[in-house]
Amino acid sequence: MVNSKSFIIYILAFGIFGIINTEMGVIGILPQIAQQFGISVSQAGLLVSLFALAVAISGPFMPLLFSGINRKNAMLLVLGLFVIANVVSVYAPNFTILLIARVVPAFLHPVYFSVAFVAAANTVSKEQTSKAIAKVFMGVTAGMVIGTPITSYIADVISLHASLWFFAVVNAIAFLSILAFVPSMPVKERLSYGQQLSVLKKPLVWLSIVTVIFLNSAMYAVYSFFAEYLDTVTQMSGKQISLMLVLFGITGIAGNLLAGKLLSNKAIATALVYPFIFAAIYLLVFFLGSFSLPMTIIIAVWGVLFTLGLNISQYWITSAAPEAPDFANGLFVSFANLGVTIGTFIGGSFIAGMGTQHVIWSGLLFLVLGLVSIMLRTVRYNPQKVDLVNKKRHLSVDIDPS
């Protein structure tokens, strides 16, 4: 049934795929863009870095501004802008216009993410929320990992302009799908800006933000140099690296499904165990990185853990501020992108100072910091502990002789 809840959730996920594909897919065509506009590859890299910067800046306040708008209309507005911007990119006469066409829609990127997560959660029962959000995260995985090699392939086989059209077409399909199949989603109980901003007074929220930064830094400190590592250390060919990216993406989708189950039933335990398992994978990458077959197996598990980490990050912030879901999801998008920036910078510094193989230590460093922040939150804000304290207080009131 086209109106089923699962179908709607997958449409929301496809919209995220379109947006993430626009953000990350350009990585695979930077050399062609540099050649087209007569600039260096590092200058072309501004298409990636400035996009991420715009997302990080707008993450906290743009979802806040859109929190009272019908969620279907908000998603259509964002996707419509992405379609227009991508069409402008196809016909951009110079690099400056191309850069502007990339950065402008990036400011609304967090709005779609925030609204899609909240819409998915509202589509199902409270017990199914984590599973619904995990399905939406499939769009993130597909956009990050599968979209890049597809875009690169289109540019190589057809043309650069065809790959830019790919961005526009995907977002247009998402736009039409939401227009046709997603019902109106008016905001029934709109919180004031002050009520939403008040969650920033909670130490729990800030501790969760720190965790998100550390976890995303741990993931991207190494993943940002995924292709470099496989090229330099594992000595894989370009085609083999592309296959590894696809494998990473496919197992990442499985990671989303696993995250839905784990965060629905054992969220705290999952978060506590996660850094240890991911650290074990990083150590295997370091010691077995020069062997192709073991690395193929490791990459399959790595993909699962990567998307599990994204889901944990989103849960960690939104569970800290359930009273302001739109704003909380905006915080997640913003600080997750900040983690990407920090992790990539530190990982690059480790490579510059010690060599590509040693980038693993930067990931391990952030995993240790992430574990510390997770443990601090678990000890100080354990939900079972809070419930026990509340029960004791309630009991003391009941037996108070006064």
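Student: Leaving aside its neighbours within four places in sequence, which residues is Ser114 in contact with?
Tutor: Happy to start there, keeping in mind that this is a predicted model. Ser114 is found in helix α8, which covers residues 109–123. Once neighbours within four places in sequence are set aside, the contacts of Ser114 are Pro63, Pro325, Asp326, Asn329 and Gly330.

Student: Is Ser114 buried or exposed?
Tutor: A residue counts as buried when its relative accessible area is under 20%. Ser114 has a relative accessibility of 1%, so Ser114 is buried.

Student: What about Thr307, is that residue buried or exposed?
Tutor: Let's place Thr307 before we decide: the residue sits in helix α16, residues 292–318. Leaving aside neighbours within four places in sequence, Thr307 is in contact with Thr141, Gly252, Gly255 and Asn256. Its relative accessibility is 2%, and therefore Thr307 counts as buried.

Student: And Gln235, buried or exposed?
Tutor: Gln235 lies in the loop between α13 (226–232) and α14 (238–265). Its phi is near 60°, a positive value in a residue other than glycine. Exposed residues have a relative accessible area over 50%. Gln235 has 64%, so the residue is exposed.

Student: Are α1 and α10 roughly parallel or roughly antiparallel?
Tutor: Helix α1 (residues 5–24) packs with helix α10 (residues 160–181) at an angle of about 155°, and their axes are 9 Å apart. Angles over 145 degrees count as roughly antiparallel. That is why α1 is described, relative to α10, as roughly antiparallel.

Student: How many nonpolar, polar and charged residues does the contact of α1 with α10 have?
Tutor: The crossing of these two helices, α1 and α10, is left-handed. On the α1 side, the contact includes Phe7, Ile8, Ile11 and Phe14, while the α10 side includes Phe166, Phe167 and Val170. Sorted by class, the contact of α1 with α10 has no charged residues, 6 polar and 13 nonpolar.

Student: Which helix gives the largest share of the largest nonpolar core?
Tutor: Here is a helpful background point: in soluble globular proteins, nonpolar side chains tend to be buried together. In this model, the largest nonpolar core has 126 residues, and Ile16, Ile33, Tyr112, Phe226, Phe278, Trp302 and Phe306 touch the most other members. The largest share of this core is 12 residues, and they come from helix α12.

Student: Which residues does Phe278 touch, not counting residues up to four places away in sequence?
Tutor: Phe278 is one of the core residues that touch the most other members. Not counting residues up to four places away in sequence, Phe278 touches Met219, Trp302, Leu305 and Leu367.

Note on methods. Residues are numbered from 1 along each chain as its sequence is written. This is a predicted model: local features need pLDDT of at least 70, side-chain atom pairs count only at pLDDT 80 or more; totals for chains, interfaces and linings use all residues. Side-chain values use heavy atoms; hydrogens and water are left out. Helices (H or I, at least four residues) and strands (E, at least two) are DSSP runs, numbered from the N terminus. Buried means under 20% relative accessible area, exposed over 50%, partly exposed in between (1.4 Å probe, protein chains only). Contact means heavy atoms within 4.5 Å. Axes are lines fitted to C-alpha atoms, for helices over the stretch in contact, and angles run from 0 to 180 degrees between N-to-C directions. Angles under 35 degrees count as roughly parallel, over 145 as roughly antiparallel, 65 to 115 as roughly perpendicular and the rest as oblique. A crossing is left-handed if the near helix is turned anticlockwise from the far one by less than a right angle, and right-handed if clockwise. Ala, Val, Leu, Ile, Met, Phe, Trp, Tyr, Cys and Pro count as nonpolar, Asp, Glu, Lys and Arg as charged, and the others, Gly among them, as polar. A nonpolar core is a set of buried Ala, Val, Leu, Ile, Met, Phe, Trp, Tyr and Cys residues joined through side-chain atoms within 4.5 Å.
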